[in-house]
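User: I have a set of assignments here and want to know what each one rests on. Please set the values against the cut-offs as we go.

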There are 2 protein chains.
Amino acid sequence: MNIQLAERVKCSECPIRHRAVCARCDDDEIEMLDKIKSYRSFTAGETISWRGDELSHVSSVVHGIATLSKTLDDGRMQMVGLLLPSDFIGRPGRTTLDFDVVAASDVTLCSFERKPFERLLAETPHISQRLVEMAMDELDAARDWMVLLGRKTAREKIATFIQMLVQRSHVDGTDLPDLALPLTREEIASYLGLTLETVSRQLTQLKKEGVIAFSDRRKFTVTDHAALLDATGDDADGGVIV
Amino acid sequence: MNIQLAERVKCSECPIRHRAVCARCDDDEIEMLDKIKSYRSFTAGETISWRGDELSHVSSVVHGIATLSKTLDDGRMQMVGLLLPSDFIGRPGRTTLDFDVVAASDVTLCSFERKPFERLLAETPHISQRLVEMAMDELDAARDWMVLLGRKTAREKIATFIQMLVQRSHVDGTDLPDLALPLTREEIASYLGLTLETVSRQLTQLKKEGVIAFSDRRKFTVTDHAALLDATGDDADGGVIV
DNA sequence: TTCATCTCTTGATCTGTGTCAAAGCGGGCA
DNA sequence: TGCCCGCTTTGACACAGATCAAGAGATGAA
């Protein structure tokens with residue numbers, strides 16, 4: 001992965017500063033963070049952290065996509081979160097996670113050593129507050145996802161997923177004509193509580209209807225935003241999942 | 001509901017102190033909390049707060065059961081949380097919730113006025129920290145529930161739900177021979193992403209198999225803990241949902 | 001280039017759970 | 001006491017999505 005870039009980036013010029021932990025830090029605090037910071041890279045498919053591993057770092061995603069997933073005894077798998085650039089891994093006061101973190105694409109993390117980070121946290125209420133806000137946002141997203149998993153049809157799930165991608169790319173300022181579909185059909189299925197065959201069929205269906213168009217199996221454009229929104233099953237305005 | 005009790009209770013003698021916001025407060029802090037505190041009662045079926053309502057209070061549940069639920073346009077409903085005694089409603093830095101809060105039974109809340117509570121929070125890092133921990137626990141629970149909703153069979157859902165009830169009652173020290181099933185079949189269905197008919201059939205099935213026994217439609221005993229655990233689909237040890 | 005491998009698509013069939021319907025409680029109220 | 005109404009159970013049937021299976025594209029290595 002792009003090590004040169006990773007090593008070049010400083011927290012003070014972090015591309016994801018607007019959402020990351022350092023969002024509201026002053027220069028002194030940034031300097032403190034810089035001291036305990038390093039960039040770590042993972043290649044697609046690599047496991048960043050196994051369920052139950054002791055965590056030495058807390059991290060922000062700089063680029064790439066990582067997944068959080070849980071597995072039942074018999075191998076059934078459910079993704080419980082998707083980490084896009086600017087998302088945070090790790091939590092104050094806990095040293096382990098109850099799910100696997102896997103790099104879905106090549107990933108670069110901006111990592112902070114856990115112990116000094118927590119000391120800094122204790123002295124810097126606004127970073128702490130920022131983490132609470134992020135946890136609350138995650139909780140909201142998890143609850144929206146519960147509605148999706150519990151009540152939505154396959155078609156609605158797919159539409160909601162695409163809508164979420166569209167929205168996230170707007171936020172991150174990369175509103176390209178072609179959106180990258182960053183996951184395999186199987187990973188999407190795992191996220192949506194479906195099988196890969198159903199995902200494939202529903203994507204084909206939306207393509208046939210002219211709602212989306214593929215330039216490549218992993219790249220697509222939304223050609224009918226209204227129809228897509230309609231297919232999500234959410235209220236026209238609300239139902240925004242971040 | 002039991003107003004006499006509600007008015008008699010003081011925070012310093014709060015039955016739920018071990019998990020509530022005041023868990024680690026010293027006497028001065030308890031006194032501060034007492035000043036901005038009141039008890040509020042709701043009768044079964046009453047809506048405590050509608051989605052989007054401005055919140056004047058943050059609260060802990062003292063007794064009774066409340067549900068958090070979300071509704072899609074066409075009326076499909078998904079419960080996204082269950083509040084048992086000692087659970088907390090409200091969040092720092094936000095004045096609205098994105099779901100309805102409904103009293104499933106008669107409910108008493110220990111409520112704090114939001115604004116003074118937030119001022120207190122700013123000055124009292126350990127209460128703030130306690131809230132972060134609670135948010136993290138909720139997030140863990142939400143993620144376990146995502147696995148349930150996305151991957152488990154109806155039978156596993158029911159078994160997991162009962163297992164959760166058993167565990168929660170242990171924690172709260174009310175390990176009675178008969179557990180109260182605090183919700184209607186419809187509410188259970190809403191929590192588990194099922195229909196009420198399926199819930200009824202699965203409960204009947206577990207009864208037939210001798211896993212649980214009913215003394216009343218709303219009261220039951222687990223007669224075969226091993227079989228119940230086995231039916232949850234979780235690992236023998238892990239998979240604890242709180 | 002060709003082969004091997006992985007991902008995706010499409011078809012045929014099966015099945016768990018939803019839907020629709022009717023009847024059985026059981027508690028509260030007149 | 002008896003009726004009513006909300007909750008629950010049970011049955012018959014339908015269907016969305018899972019499962020099983022085959023083959024078509026891609027991608028990358030030799």
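User: What share of the 242 residues of chain A counts as buried?

Analyst: In this predicted model, 51% of the 242 residues of chain A count as buried. The cut-off is a relative accessible area under 20%, with protein chains only. The secondary structure of chain A consists of eight helices and eleven strands. Among the contacts of chain A with a separation of 6 or more, 72% join residues 24 or more positions apart.

User: Why is Arg143(A) called buried?

Analyst: Its relative accessibility is 5%, and buried means under 20%, so Arg143(A) counts as buried. Arg143(A) is part of helix 4 of chain A. Leaving out residues up to four places away in sequence, Arg143(A) touches Leu68(B), Lys70(B), Val80(B), Arg91(B), Phe99(B) and Glu138(B).

User: What makes Met134(B) buried?

Analyst: The relative accessible area of Met134(B) is 12%. The limit is 20%, so Met134(B) is buried. Met134(B) sits in helix 4 of chain B, residues 125–151. Between Met134(B) and Asp87(B) there are 8.6 Å in space, C-alpha to C-alpha, for 47 residues in sequence.

User: How do you know that the span of helix 4 of chain A agrees with its 27 residues?

Analyst: At 1.5 Å a residue, helix 4 of chain A (residues 125–151) should span 39 Å. The C-alpha atoms at its ends are 39 Å apart, so the two values agree. Helix 4 of chain A is also mostly covered, with 20 of its 27 residues buried.

User: What is the relation between chain A and chain B, and how do you know?

Analyst: A turn of 180 degrees with a shift of 0.0 Å along the axis lays chain B on chain A with an RMSD of 0.0 Å. That is the relation of a two-fold axis. Of the interface residues of chain B, 98% are also interface residues in chain A, so the copies meet through the same surface.

User: Which residues are closest to DNA strand D, and which polar pairs are there?

Analyst: DNA strand D is surrounded by 18 residues, the closest being Ala154(A), Thr198(A), Arg201(A), Arg185(B) and Ser200(B). The cut-off for a polar contact is 3.5 Å between N or O atoms. A polar side-chain atom of Arg201(A) is 2.9 Å from a base oxygen of the strand. Phosphate oxygens of DNA strand D lie 2.8 Å from a side-chain N or O atom of Arg185(B) and 3.2 Å from one of Thr204(B). Helix 7 (196–208) of chain A and helix 7 (196–208) of chain B are the elements that give two or more residues to this surface. Helix 7 of chain B gives the most, with five residues. Of the strand D atoms within 4 Å of the protein, 61% belong to sugar or phosphate and the rest to bases.

User: What makes up the surface near DNA strand C, by class and by element?

Analyst: By class, the surface near DNA strand C has three nonpolar, seven polar and eight charged residues. Helix 7 of chain A gives the most to this surface, with five residues. A phosphate oxygen of DNA strand C lies 2.7 Å from a side-chain N or O atom of Arg185(A), and a phosphate oxygen is 2.4 Å from one of Thr198(B). A base nitrogen of DNA strand C is 3.1 Å from a polar side-chain atom of Glu197(B).

Methods
Residues are numbered from 1 along each chain as its sequence is written. Chains are lettered from A and ligands numbered from 1 in the order in which they are written. This is a predicted model: local features need pLDDT of at least 70, side-chain atom pairs count only at pLDDT 80 or more; totals for chains, interfaces and linings use all residues. Side-chain values use heavy atoms; hydrogens and water are left out. Helices (H or I, at least four residues) and strands (E, at least two) are DSSP runs, numbered from the N terminus. The expected span of a helix is 1.5 Å times one less than its number of residues. Buried means under 20% relative accessible area, exposed over 50%, partly exposed in between (1.4 Å probe, protein chains only). A residue is near a molecule or strand if one of its heavy atoms lies within 4 Å of it. A polar contact is a pair of N or O atoms within 3.5 Å; within protein, one must be able to donate a hydrogen and the other to accept it, and residues adjacent in sequence count only if both atoms are side-chain atoms. Copies are superposed by least squares on the C-alpha atoms of residues with pLDDT of at least 70 in both. Contact means heavy atoms within 4.5 Å. Ala, Val, Leu, Ile, Met, Phe, Trp, Tyr, Cys and Pro count as nonpolar, Asp, Glu, Lys and Arg as charged, and the others, Gly among them, as polar.
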